[in-house]
Amino acid sequence: MLLTIDNLSKTFPGTVALDSVRFDLKAGEVHALLGENGAGKSTLIKCLTGVHARDSGDVRLHGEPVSPGSTLEAQELGIGTVYQEVNLLPNLTVAENLTFGRQPTRFGMVSVRRMREDAKEMLAGFGLDHVNVSRELGAYSVAVQQLIAIARAVALSGKVLILDEPTASLDARETEMLFEVVRRLRERGLGIVFISHFLDQVFDLSDRLTVLRNGKHIVTAETAGMDRLGLIHHMLGHELDKAEDRRTTRSIRNERLHFKGLGRRGKIEPFDLTVREGEVIGLAGLLGSGRTETADILFGRTPADRGEATDPDGTIDLSNPRAAIASGFGYAPEDRKTDGIIADLSIRENIALALQARRGWAKPIPRGEQRALADDYIRRLDIRTSDAEKAVGDLSGGNQQKVVLARWLAMNPRFLILDEPTRGIDVGAHAEILKLISGLTDRGMSILMISSEFDELIAASDRVIVLRDRRHVSELVGDEIETSRIIAAIAAHDAEGAAL
Ligand SMILES: Nc1ncnc2c1ncn2[C@@H]1O[C@H](COP(=O)(O)OP(=O)(O)OP(=O)(O)O)[C@@H](O)[C@H]1O
Ligand SMILES: [Mg+2]
């Protein structure tokens with residue numbers, strides 16, 4: 001056995017995160033680690049790599065006890081890790097990020113040229129040829145940053161590679177590219193730990209799987225011998241409510257918002273969009289197709305340099321997010337680390353934050369009211385926490401995502417933009433969030449949802465707009481909303497696209 005973990009326990013104040021967990025990894029296998037948000041997956045990884053000290057337990061590499069005290073020490077043992085949250089440094093260059101801790105030196109000096117060459121080599125095979133390694137990492141999208149983090153970990157992992165939700169921000173093509181790399185490493189005899197909430201990917205890639213629930217080991221089995229429902233049952237401890245079919249198209253409601261010719265040079269071609277009351281509009285497209293750019297324009301994050309936004313009362317000011325919020329717009333962004341949560345504030349404070357900003361800081365929301373708000377959303381979104389005063393940074397990744405969502409729902413906006421709302425959220429909570437979205441629209445909220453998961457778009461949207469090369473190229477309504485049509489629109493040839 002390449003790696004064995006026995007009796008691993010870890011307690012945080014108020015939470016038993018891991019209770020006598022066992023896990024093992026063979027050379028040349030992909031072992032999926034599964035469980036609901038807060039089950040203990042990331043904690044298990046962090047105890048293994050020395051980010052957290054373990055309370056007790058035995059970890060062996062090739063039969064020898066090891067206890068690295070930090071990620072760097074783990075790397076020296078041949079264990080490379082990509083943590084759930086990208087933890088590279090956005091204001092260093094790509095090359096610096098790829099090589100920090102191991103910069104090539106020449107006569108004792110860091111050789112920038114060698115560093116760049118090494119960095120380029122590390123990126124080869126990840127489809128990142130367009131990345132300029134001399135640019136700041138922060139200039140690239142979350143997905144590209146994620147791939148860069150993976151490339152770094154791959155280069156550093158001689159024996160074990162750990163991927164904690166690596167595909168959460170990747171599109172289908174990038175995911176396939178990553179899987180190619182993982183399969184090659186498996187053939188070379190590496191052991192790979194793969195954490196994901198995408199069950200299709202788990203079945204596609206893994207040889208064995210282990211399920212954790214509430215910090216306890218539930219099962220370890222060959223993936224091929226496990227069926228989907230059985231797996232979900234192990235994860236949740238109960239059956240999943242039957243998923244709803246496609247949302248029934250509702251009667252046409254009032255037109256609420258008109259966006260005409262909105263666009264911005266170099267970001268997104270001008271587009272028209274009409275938003276009706278209680279409608280869910282899905283945005284489909286590959287990464288870089290202009291989905292996030294569309295959202296950024298609609299929320300004033302990168303204001304449009306042409307076009308106009310109106311409602312029945314007149315022109316809407318979308319020159320900055322503050323103005324957009326004042327007009328009843330909300331935006332739950334994709335990158336919760338940089339745009340979303342404030343890790344050292346409590347859950348209560350994080351949820352009340354945007355509401356407070358809108359009311360103005362001079363009129364503080366009474367603590368009792370904040371508390372009631374937080375408790376309500378903790379219940380409705382099933383945020384796993386001992387109480388609302390806990391720091392958000394101490395929640396599991398998926399539960400942090402739910403807090404970001406709660407913050408915007410609490411504002412009760414008339415138009416809410418959700419960028420990948422279920423990214424990193426487990427199967428149970430996933431269904432809950434889609435139900436919640438549907439409930440909100442019944443009360444009149446209009447929603448624009450960006451999602452890379454077609455199933456989710458199809459289930460939730462009244463209308464799907466497909467983007468390609470920074471243009472809105474197609475719009476599907478009602479029964480037209482099906483995977484094959486979305487894919488056809490995404491893949492259509494450019495000349496053809498121009499005709500749409
Ligand atoms: N630094 C911390 N301080 C306090 N509690 C923590 C800390 N890190 C994790 N926890 C708690 O430990 C439990 C397990 O969290 P963990 O992050 O391991 O879950 P996870 O399985 O990775 O979930 P997800 O799928 O949401 O990423 C959760 O209850 C979480 O709130
Ligand atoms: Mg996690």
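**Ligand 1 and selected residues of a predicted model**

Reader: What makes the pair formed by serine 396 and ligand 1 a polar contact?

Author: In this predicted model, a polar side-chain atom of serine 396 is placed 2.7 Å from an oxygen atom of ligand 1. A polar contact requires a pair of N or O atoms within 3.5 Å. The value of 2.7 Å satisfies that limit, and the pair therefore qualifies.

Reader: Which protein atoms of aspartate 394 and glycine 397 lie at what distances from an oxygen atom of ligand 1?

Author: For aspartate 394, a polar backbone atom is 2.9 Å from an oxygen atom of the ligand. For glycine 397, a backbone N or O atom lies 3.4 Å from an oxygen atom of the ligand. Set against the limit of 3.5 Å, both pairs therefore count as polar contacts.

Reader: How much of the accessible area of ligand 1 does the protein cover?

Author: On its own, ligand 1 has 640 Å² of accessible area, and the protein covers 90% of it. Two or more residues of the surrounding shell come from each of β2 (15-25), α1 (41-48) and α14 (397-410).

Reader: How many residues surround ligand 1, and which come nearest?

Author: There are 21 residues around the ligand, and Gly38, Lys41, Thr43, Ser396 and Gly398 come nearest. Sorted by class, the shell has twelve polar, five charged and four nonpolar residues.

Reader: Which domains contribute at least three residues each to the shell around ligand 1?

Author: Domain 1 (3-236) and domain 2 (255-499) each supply at least three residues.

Reader: Why does the radius of gyration of the chain agree with that of a compact globule?

Author: For 500 residues, a compact globule would have a radius of gyration near 23 Å, and the chain has 23 Å; the two therefore agree. The C-alpha trace spans about 70 × 50 × 50 Å along its principal axes. Of the 500 residues, 53% count as buried, and the secondary structure comprises 18 helices and 22 strands.

Reader: Why is serine 461 called buried or exposed, and where is it found?

Author: Serine 461 occupies the loop between α16 (454-460) and β21 (463-468). Its relative accessibility is 0%, and buried means under 20%, so serine 461 counts as buried. The side chain of serine 461 also reaches the backbone oxygen of leucine 457 at 2.7 Å, which lies within the 3.5 Å limit for a polar contact.

Reader: Why is isoleucine 425 classed as buried or exposed?

Author: With 3% relative accessibility, isoleucine 425 falls under the 20% limit and is therefore buried. The residue sits in the loop between β19 (415-419) and α15 (427-442). Although isoleucine 425 and histidine 197 are 228 residues apart along the chain, their C-alpha atoms are separated by 6.9 Å.

Reader: What makes aspartate 382 notable in its phi value, and why is it called partly exposed?

Author: Phi of aspartate 382 is near 55 degrees, a positive value in a residue other than glycine. Its relative accessibility of 34% lies between the limits of 20% and 50%, so the term partly exposed applies. Aspartate 382 is in the loop between α13 (367-380) and α14.

Reader: Why does aspartate 469 count as partly exposed, and what sign has its phi?

Author: The relative accessible area of aspartate 469 is 46%, again between 20% and 50%, so this residue is partly exposed. Its phi is positive, about 50 degrees, although aspartate 469 is not a glycine. It lies in the loop between β21 (463-468) and β22 (471-477).

Reader: How do you know that α9 is mostly covered?

Author: Seven of the eight residues of α9 are buried. They are Arg291, Glu293, Thr294, Ala295, Asp296, Ile297 and Leu298. The helix is followed by glycine 300, whose phi is positive, near 75 degrees.

Reader: Why is leucine 286 given the class it has, and where is it found?

Author: Leucine 286 is in the loop between β15 (280-284) and α9 (291-298). Its 36% relative accessibility lies between 20% and 50%, so it counts as partly exposed. The C-alpha atoms of leucine 286 and leucine 395 are separated by 30 Å.

Reader: Why does arginine 54 count as partly exposed?

Author: Its relative accessibility is 23%, which is over the 20% limit for buried and under the 50% limit for exposed, so arginine 54 is partly exposed. Arginine 54 is placed in the loop between α1 and β4 (56-61).

How values were computed: Residues numbered from 1 in each chain as written. Chains lettered and ligands numbered in written order. Predicted model: local features only at pLDDT ≥ 70, side-chain atom pairs only at ≥ 80, totals over all residues. Heavy atoms only, no water. Near = heavy atom within 4 Å. Polar contact = N/O pair within 3.5 Å; in protein donor to acceptor, adjacent residues only side chain to side chain. Areas by Shrake-Rupley, 256 points an atom, 1.4 Å probe, with all protein chains shown as cover. Helix = DSSP H or I, 4+ residues; strand = E, 2+ residues; numbered from the N terminus. Nonpolar A, V, L, I, M, F, W, Y, C, P; charged D, E, K, R; others polar. Domains from an automatic or database assignment. Rg over C-alpha atoms; globule rule 2.2 N^0.38 Å. Buried < 20%, exposed > 50% of the residue type's maximum accessible area, 1.4 Å probe, protein only.
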